[in-house]
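These are my notebook entries on a single protein chain. I set down in turn what I looked up and what I found.

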Amino acid sequence: MHRCVGLIAAASLAMASCAARGSAGGARPAADDAAITAAVAFYPIGEVVRRVGGDAVRVLDLTPAGGEPHDLELTAKKVTKLESADIVFYLGKGFQPAVQRVVDALDGGVVKIDLLDSVDLLPVTPQLEGTTGEVTGEVLDGNIDPHVWVDPLNMVRITDAVATQLARAVPAQASEIAARAGAYDAELRALDDEFSTALAHCRSRTIVTSHRAFGYLAHRYGLHQIPIAGISPDAEPDPKSMEAIAAAAKADGVTTVFFEERVPPALADTIAHDIGATTDVLDPVETIVQDRLDAGASYISIQQRNLASLVKALRCT
């Protein structure tokens with residue numbers, strides 16, 4: 001992955017300027033009429049913080065709308081804004097190396113919350129038994145898959161973790177924060193019920209995906225994910241793995257190979273061509289372009305679209 005040229009200098013700036021901000025044990029409680037600033041690493045976290053925090057929180061998005069979170073580079077200007085935040089919510093384990101490097105450098109009054117700590121994590125395994133499973137460009141900590149948010153029940157756990165931190169930071173609005181978190185939790189649990197019901201009876205349970213982003217969704221609903229690329233969309237498989245993926249997909253009767261709108265579809269097209277399948281979109285909800293946000297797109301609406309694509313591809317009844 002590329003790195004921001006000024007990242008090390010920016011991280012040093014963050015360390016120096018945060019030293020005088022006080023203890024890192026918790027965000028400063030806000031005055032009754034004051035909002036706190038929460039930095040969020042990328043879209044799903046931002047949606048949670050906005051839904052739960054309401055007017056009590058000003059949200060600083062580190063990944064711009066439509067931006068690719070895996071390859072995000074933080075400018076010195078963005079780091080300066082980040083260092084003045086009260087809380088930063090992010091995912092560790094190498095998911096966004098540029099973000100993690102700067103967050104690790106922060107000290108003082110910025111509370112750093114790795115939301116991976118709120119869920120049970122799955123290990124990364126080779127694409128298929130008998131292949132090398134090797135991909136280029138992977139940056140992982142402990143061989144852990146960080147794409148936890150694609151499971152709606154993990155989003156519930158993330159929501160509850162965010163609510164706990166925001167209530168500590170804005171105690172005057174703790175009850176309102178809890179109410180908003182409860183309402184969002186209910187929507188996420190209803191989404192989980194939709195997935196469980198719709199995917200209960202399907203002719204196939206194998207999904208071939210353009211990158212290894214859907215392991216938690218597959219684990220939750222009893223599906224078998226065969227990823228083409230790695231944890232990062234640009235982490236490409238070797239030729240032996242490509243051949244094995246195509247063979248396994250054909251043997252499982254796969255009729256649809258899934259790609260992502262913001263990732264070049266060449267690998268998915270290749271597998272689909274080799275096995276006589278079609279292609280369709282499966283969105284990992286890592287980012288949403290601004291015009292879709294303005295039109296009302298959300299985590300739940302995109303996941304519902306994903307579910308419709310899965311039901312069609314897996315021939316569920």
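**Entry 1: R315**

Is R315 buried, partly exposed or exposed? I looked up its relative accessible area, which is 26%, so R315 is partly exposed. Buried would require under 20% and exposed over 50%. I note at once that the model is predicted.

I then asked where R315 is placed, and found it in the segment after α11. Its backbone drew my attention as well, for R315 has a positive phi of about 55 degrees although it is not a glycine. I recorded the background to this: most residues other than glycine have a negative phi.

**Entry 2: K93**

I found a positive phi at K93 too, of about 60 degrees, and K93 is not a glycine either. I located K93 in the loop between β3 (87-90) and α4 (97-105). Its relative accessibility is 26%, so I entered K93 as partly exposed.

**Entry 3: The whole chain**

I next turned to the protein as a whole. I listed 11 helices and 10 strands as its secondary structure. The protein has 317 residues, and 54% of them count as buried.

For the accessible surface I noted about 13100 Å², with 53% of it belonging to carbon and sulfur atoms. I also looked up how far apart in sequence the contacting residues are. Among contacts with a separation of 6 or more, 69% are between residues 24 or more positions apart.

**Entry 4: Helix α6**

Does the span of helix α6 agree or disagree with what its number of residues suggests? Helix α6 covers residues 174-198, which makes 25 residues. At 1.5 Å a residue, the helix should span 36 Å. The end C-alpha atoms are 36 Å apart, so I wrote that the two values agree.

I then asked which residues of α6 are buried. They are I177, A181, Y184, D185, L188, L191, D192 and F195. The cover over these buried residues includes α2 (43-53), α5 (152-169), α7 (215-221) and α11 (299-314).

**Entry 5: The disulfide**

I searched for disulfides and counted one. It joins C202 and C316, whose sulfur atoms are 2.0 Å apart. As a reminder to myself, a disulfide is a covalent bond between the sulfur atoms of two cysteines.

Which parts of the chain does the pair tie together? C202 lies in the loop between α6 and β7 (206-209), and C316 lies in the segment after α11. The pair therefore ties together parts that are 114 residues apart in sequence.

I also looked up the handedness of the disulfide. The torsion about the S-S bond is about 95 degrees, so the disulfide is right-handed. Both C202 and C316 are buried.

**Entry 6: Salt bridges**

How many salt bridges does a search of the whole structure find? I recorded seven. Side chains of opposite charge can pair when their charged atoms come close.

I examined the pair of D61 and R50, in which the closest N and O atoms are 2.6 Å apart. D61 is in strand β2 (residues 57-61) and R50 is in helix α2, so this pair of residues, 11 apart, links distant parts of the chain. I checked the exposure of both partners. D61 has a relative accessible area of 28% and is partly exposed; R50, at 42%, also counts as partly exposed.

I then followed D283. It forms a salt bridge with R292, with 3.9 Å from N to O. D283 also forms a salt bridge with R305, where the closest N and O atoms are 3.7 Å apart. D283 sits in the loop between β10 (278-281) and α10 (290-294), while R305 sits in helix α11, 22 residues away.

Salt bridges that share partners join E261, D283, R292 and R305 into one network. I compared the exposure of three of its members. D283 is buried, at 2% relative accessibility. R292 is partly exposed at 22%, and R305 is partly exposed at 34%.

**Entry 7: T37**

My last residue was T37, which lies in strand β1 (residues 36-40). Its relative accessibility is 16%, so T37 counts as buried. Which residues does T37 touch, leaving aside those up to four places away in sequence? I listed R58, L60, A85, D86 and I87.

Technical notes. Residues numbered from 1 in each chain as written. Predicted model: local features only at pLDDT ≥ 70, side-chain atom pairs only at ≥ 80, totals over all residues. Heavy atoms only, no water. Helix = DSSP H or I, 4+ residues; strand = E, 2+ residues; numbered from the N terminus. Expected span 1.5 Å × (residues − 1). Buried < 20%, exposed > 50% of the residue type's maximum accessible area, 1.4 Å probe, protein only. Contact = heavy atoms within 4.5 Å. Salt bridge = Lys/Arg side-chain N within 4 Å of Asp/Glu carboxyl O. Areas by Shrake-Rupley, 256 points an atom, 1.4 Å probe, with all protein chains shown as cover. Disulfide = S-S within 2.5 Å.
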